[in-house]
Amino acid sequence: MIKGIKLLLIWGLFLRSSFGEPLKLEAFGDSLTAGFLADTSLIHPKPFSDLGPLLQELAFGFIQKDREVLKKYEANHKAWPHFLSELLRARGIELTEVANLAISGSRSSAVDEQVKRRGKILEPSWSFFFIGHNDLCHVKGEEEKLVGQYQINLEKALREWDKNHTQSVAFLIPTGPIHQLYPVLEDTPWISSSSKVFYCQDAWMKYFPYCPSFYIRYKRGELENYLKPRGEAMNRSLEKIADSVNKESLNANRYVFLESGWPLPLQREYFALDCYHIAEAGQQKFAQNVYNALLSAGILFP
């Protein structure tokens, strides 16, 4: 009943867009939304001779926090917001702009700055927020601490977004089940030299060590019991966040928890060369999942 009431409240805005009122599409988040390494492929890897310079440059970029270096490896044109925009345009929705504001490495605490960087928007917008994977990796301690910080950060960012938008919709997308990628990709050949084969676990532990503690927990048989409840608790908090900021909006904006998901079931061809980020095929599948969620929620007409 509550979800039905929410849909009625935002139906007028969706109805206008369905009949051709122009919209802007915005996306905020981390590397999964920015399309980091989305133009690479795990199953079609770069030559071994190209890997050394790439690793060196990326290591420098992460250590120095050099945004310009990391931005070189973000393929917005192969990220899910781009593919979602194509699906929406194919059904007749006019999008005047597709703005991908996501930044690789971002945690929920950085979304507020992404929103501020976007500034004031005068046209109605559909804005998608997909964040939290780096929080899961880096925020240690009790689940309550993780969820509490996440909720504070998202509410702060959405209040800032509310000030800069009118008659727009913010969609909150849940984090993905990161623990599921390890059994799919472990022992997958990653790259080969003339004398040795490297596997995805080599990438996770040595060459792209984004969160090596996850693989260690996986080998101990502990990862799912540790990570799944934390991710699910964060995702449940998104519904509370949507309810909270809906009550406060001053500009006729609405906030919707969008039940969407990763490109499940996970497959090797969905992954980029680092055995972690999502390649073009996975990004396309994710966009389709978001689109299907919009249909299932009654936000788009069947």
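Contact here means heavy atoms within 4.5 Å, and angles run from 0 to 180 degrees between N-to-C directions. In this predicted model, helix H8 (residues 143–163) lies across strands S1, S3, S4 and S7, running at about 160° to S4.

The sheet that H8 lies across can be described strand by strand. It is an open sheet of 5 strands in the order S2-S1-S3-S4-S7, with parallel pairing; its edge strands are S2 (95–100) and S7 (254–257), each of which pairs on one side only, and the twist averages 15° from one strand to the next. Helix H5 (residues 80–90) also packs on the sheet, where it touches S1 (23–29), S2 and S3 (125–130), and its direction makes about 165° with that of S2. Strand S4 (residues 169–172) is joined to S7 by 4 bridges, the two running parallel, and Leu172 stands opposite Phe257 in S7.

The two helices compare as follows.

| Helix | Strands | Angle |
|---|---|---|
| H5 (residues 80–90) | S1, S2, S3 | about 165° with S2 |
| H8 (residues 143–163) | S1, S3, S4, S7 | about 160° to S4 |

Turning to internal space, a search of the whole structure finds 3 cavities of 30 Å³ or more, and the largest cavity has a volume of about 50 Å³. Its lining consists of Leu32, Trp80, Phe130, Trp262, Pro263, Ile278, Gly282, Gln283 and Phe286, which divide into 7 nonpolar, 2 polar and no charged residues. Helix H13 (residues 280–296) supplies the largest share of that lining, with 3 residues.

Definitions and conventions
Residues numbered from 1 in each chain as written. Predicted model: local features only at pLDDT ≥ 70, side-chain atom pairs only at ≥ 80, totals over all residues. Heavy atoms only, no water. 1 Å grid on protein atoms, 1.4 Å probe; cavity = no way out; pocket = protein on both sides within 12 Å on 5 of 7 lines; lining within 4 Å. Points joined across faces, edges and corners; volume = space filled by probe spheres on them. Nonpolar A, V, L, I, M, F, W, Y, C, P; charged D, E, K, R; others polar. Pairing = 2+ DSSP bridges.
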